[in-house]
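Reader: I would like to learn how to read a small protein model step by step, beginning with the general idea behind each feature and then turning to the case at hand. Could you take me through one?

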Amino acid sequence: MSSMIVFRCPRTGMKVQTPLFKQAANEPKLYELVTCPACTQFHFINKATGKALGDSSE
Ligand SMILES: [Zn+2]
């Protein structure tokens with residue numbers, strides 16, 4: 001069972017959902033590296049806000 005994260009792809013503007021990679025519990029990170037199903041690129045996603053790093057819109 002893996003947790004999912006919802007974010008907006010900064011390249012396509014599409015709202016997408018992707019599983020989070022498992023990580024060590026003692027390694028809290030604000031940004032999570034995910035493979036984007038919309039554009040197949042990697043994005044750093046802010047887990048608190050669901051926004052992609054470098055997403056300048058809004
Ligand atoms: Zn993307």
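Author: Let us begin with the vocabulary: helices and strands are DSSP runs, at least four residues for a helix and at least two for a strand, numbered from the N terminus. In this model, which is predicted, the protein has 0 helices and 4 strands, and along the sequence they follow the pattern β-β-β-β.

Reader: How do strands β1 and β2 pair, and over how many bridges?

Author: Strand β1, residues 4-8, pairs with β2 in the antiparallel sense over 5 bridges, and within this pairing valine 16 of β2 is the bridge partner of phenylalanine 7. The two strands form a hairpin with 6 residues between them, and glycine 13 in the turn has a positive phi of about 75 degrees.

Reader: Which side chains of β2 point to the buried face, and which point to the other?

Author: The general idea is that in a regular strand the side chains alternate between the two faces of the sheet. Strand β2, residues 15-19, shows this alternation, with Val16 and Thr18 pointing to one face and buried, while Lys15, Gln17 and Pro19 point to the other face and are not buried.

Reader: Which residues make up the largest nonpolar core?

Author: This core has 10 residues in all, namely Ile5, Phe7, Cys9, Val16, Leu20, Val34, Cys36, Cys39, Ile45 and Ala52. For the protein as a whole, buried residues make up 28% of the 58 residues, and of the accessible surface of about 4200 Å², 57% belongs to carbon and sulfur atoms.

Reader: Which residues coordinate the zinc ion, and what is the geometry of the site?

Author: As a general yardstick, the ideal angle at a metal with four tetrahedral donors is 109.5 degrees. Here the zinc ion is coordinated by Cys9 through SG, Cys36 through SG, Cys39 through SG and His43 through NE2, at 2.0 to 2.3 Å. The angles among the 4 donor atoms are 99 to 116 degrees, and the site is tetrahedral.

Reader: How are the donor residues spaced in sequence, and what does the pair of cysteine 9 and histidine 43 tie together?

Author: The spacing of the donor residues is C-x26-C-x2-C-x3-H. Cysteine 9 lies in the loop between β1 and β2 and histidine 43 lies in strand β4, residues 42-46, so the pair ties together parts that are 34 residues apart in sequence.

Reader: Are cysteine 9 and histidine 43 buried or exposed?

Author: A residue counts as buried under 20% relative accessible area. Cysteine 9 is buried, at 0% relative accessibility, and histidine 43 is buried as well, with a relative accessible area of 6%. Leaving aside neighbours within four places in sequence, cysteine 9 is in contact with Met14, Cys36, Ala38, Cys39 and His43.

Key. Residues are numbered from 1 along each chain as its sequence is written. This is a predicted model: local features need pLDDT of at least 70, side-chain atom pairs count only at pLDDT 80 or more; totals for chains, interfaces and linings use all residues. Side-chain values use heavy atoms; hydrogens and water are left out. Buried means under 20% relative accessible area, exposed over 50%, partly exposed in between (1.4 Å probe, protein chains only). Accessible areas come from the Shrake-Rupley method with a 1.4 Å probe; for residues, only the protein chains shown count as cover. A nonpolar core is a set of buried Ala, Val, Leu, Ile, Met, Phe, Trp, Tyr and Cys residues joined through side-chain atoms within 4.5 Å. Contact means heavy atoms within 4.5 Å. Two strands pair if DSSP finds at least two bridges between them. Donors are N, O and S atoms within 2.8 Å of the metal (3.2 Å for Na, K and Ca); water is not among the atoms, so sites may look incomplete. Four donors count as tetrahedral if all angles lie between 85 and 135 degrees; four count as square planar and six as octahedral if opposite donors are over 155 degrees apart and all others between 65 and 115; anything else is irregular.
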